[in-house]
Amino acid sequence: MYLHCFADAGKKAWGISIYLRFYNSSANKYEAHLIYATSRVAPTKTILSTPKKELNSIFLASQKITYIAEALDIPKPNRYIHTDSLVAMYWINQDKNNLKVYVSNRVHKIQQMDITILHVPGKENPADLCS
């Protein structure tokens, strides 16, 4: 079994969708089913840049995929987060000490969870619907 989480952000919100992918031996094929989705409204008092919102969506994704994976006993190599934000992916691959505090705090927590993060084109991202 695999968990694939898609994360995306827009002007007013960010959200995620998590799919469970598994091999159906009776149908002799892989299947994927949506098992969880959520969104968060962006704060109105402080204006966040789009890359920071994208980073928040990945942070939310890392929290939720870890929780669900532990409940379903899915090992770490079978957990994937997909995002269309190259800026957020760049930040996550950096040393947290070279980043500003807001970004560094989230990057550090994401890095601790040790989840594979992959790029997906924006038009192919199912989480795009919630943003």
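Is Tyr-23 buried, partly exposed or exposed, and what is its relative accessible area? Tyr-23 comes out as partly exposed, with a relative accessible area of 41%, and I should say at once that the model we are looking at is a predicted one.

Let me stay with Tyr-23 for a moment, and with the aromatic rings in general. The structure holds 2 aromatic pairs. In one of them, the ring centres of Phe-6 and Tyr-19 are 5.8 Å apart and the ring planes stand at 85°, so this pair is edge-to-face. Because Phe-6 belongs to strand 1, which covers residues 2-9, while Tyr-19 belongs to strand 2, residues 13-24, the pair ties together parts of the chain that are 13 residues apart in sequence. As for how these two residues face the surroundings, Phe-6 counts as buried at 13% relative accessibility, whereas Tyr-19 is partly exposed, its relative accessible area being 22%.

Tyr-23 and Tyr-30 also form an aromatic pair, again edge-to-face, with 5.2 Å from centre to centre and 70° between the planes. Tyr-30, like its partner, falls in the partly exposed class, and its relative accessible area is 44%. The ring of Tyr-30 has a further neighbour to point out, since the charged end of Arg-21 sits over that ring, 4.1 Å from its centre.

From there I would like to move to the helices. Helix 1, residues 50-72, packs with helix 3 at an angle of about 30°, and the two axes are 10 Å apart. Angles under 35 degrees count as roughly parallel, and helix 1 and helix 3 are therefore described as roughly parallel to each other. Their crossing is left-handed.

Which residues meet where these two helices pack? On the helix 1 side the list includes Leu-55, Ile-58, Phe-59 and Thr-66, and on the helix 3 side it includes Tyr-102, Val-103, Arg-106 and Ile-110. Two of those helix 3 residues deserve a second look together, because Arg-106 lies over the face of Tyr-102, at 3.6 Å from the ring centre.

Staying in helix 3, which spans residues 101-113, we also find Ser-104. Ser-104 is buried, because its relative accessible area is 11% and the cut-off for that class is under 20%. If we leave aside its neighbours within four places in sequence, Ser-104 is in contact with Lys-96 and Leu-99.

Just ahead of that helix, in the loop between helix 2, residues 86-92, and helix 3, lies Asn-98. Asn-98 is exposed, with a relative accessible area of 60%. To give a sense of distance across the model, the C-alpha atoms of Asn-98 and Ser-17 are separated by 30 Å, and these two residues are 81 residues apart along the chain.

The last residue I want to show is Pro-43, which is found in another loop, the one between strand 3, residues 29-41, and helix 1. At 36% relative accessibility, Pro-43 counts as partly exposed. Not counting residues up to four places away in sequence, Pro-43 touches Trp-14 and Leu-48. Between Pro-43 and Leu-86 there are 23 Å in space, C-alpha to C-alpha, with a separation of 43 residues in sequence.

Conventions. Residues are numbered from 1 along each chain as its sequence is written. This is a predicted model: local features need pLDDT of at least 70, side-chain atom pairs count only at pLDDT 80 or more; totals for chains, interfaces and linings use all residues. Side-chain values use heavy atoms; hydrogens and water are left out. Helices (H or I, at least four residues) and strands (E, at least two) are DSSP runs, numbered from the N terminus. Buried means under 20% relative accessible area, exposed over 50%, partly exposed in between (1.4 Å probe, protein chains only). Contact means heavy atoms within 4.5 Å. Rings of Phe, Tyr and Trp (its six-membered ring) pair if their centres lie within 6.5 Å; planes under 30 degrees apart count as stacked, over 60 as edge-to-face and the rest as tilted. A charge sits over a ring if NZ of Lys or CZ of Arg is within 6 Å of the ring centre and within 35 degrees of the ring normal. Axes are lines fitted to C-alpha atoms, for helices over the stretch in contact, and angles run from 0 to 180 degrees between N-to-C directions. Angles under 35 degrees count as roughly parallel, over 145 as roughly antiparallel, 65 to 115 as roughly perpendicular and the rest as oblique. A crossing is left-handed if the near helix is turned anticlockwise from the far one by less than a right angle, and right-handed if clockwise.
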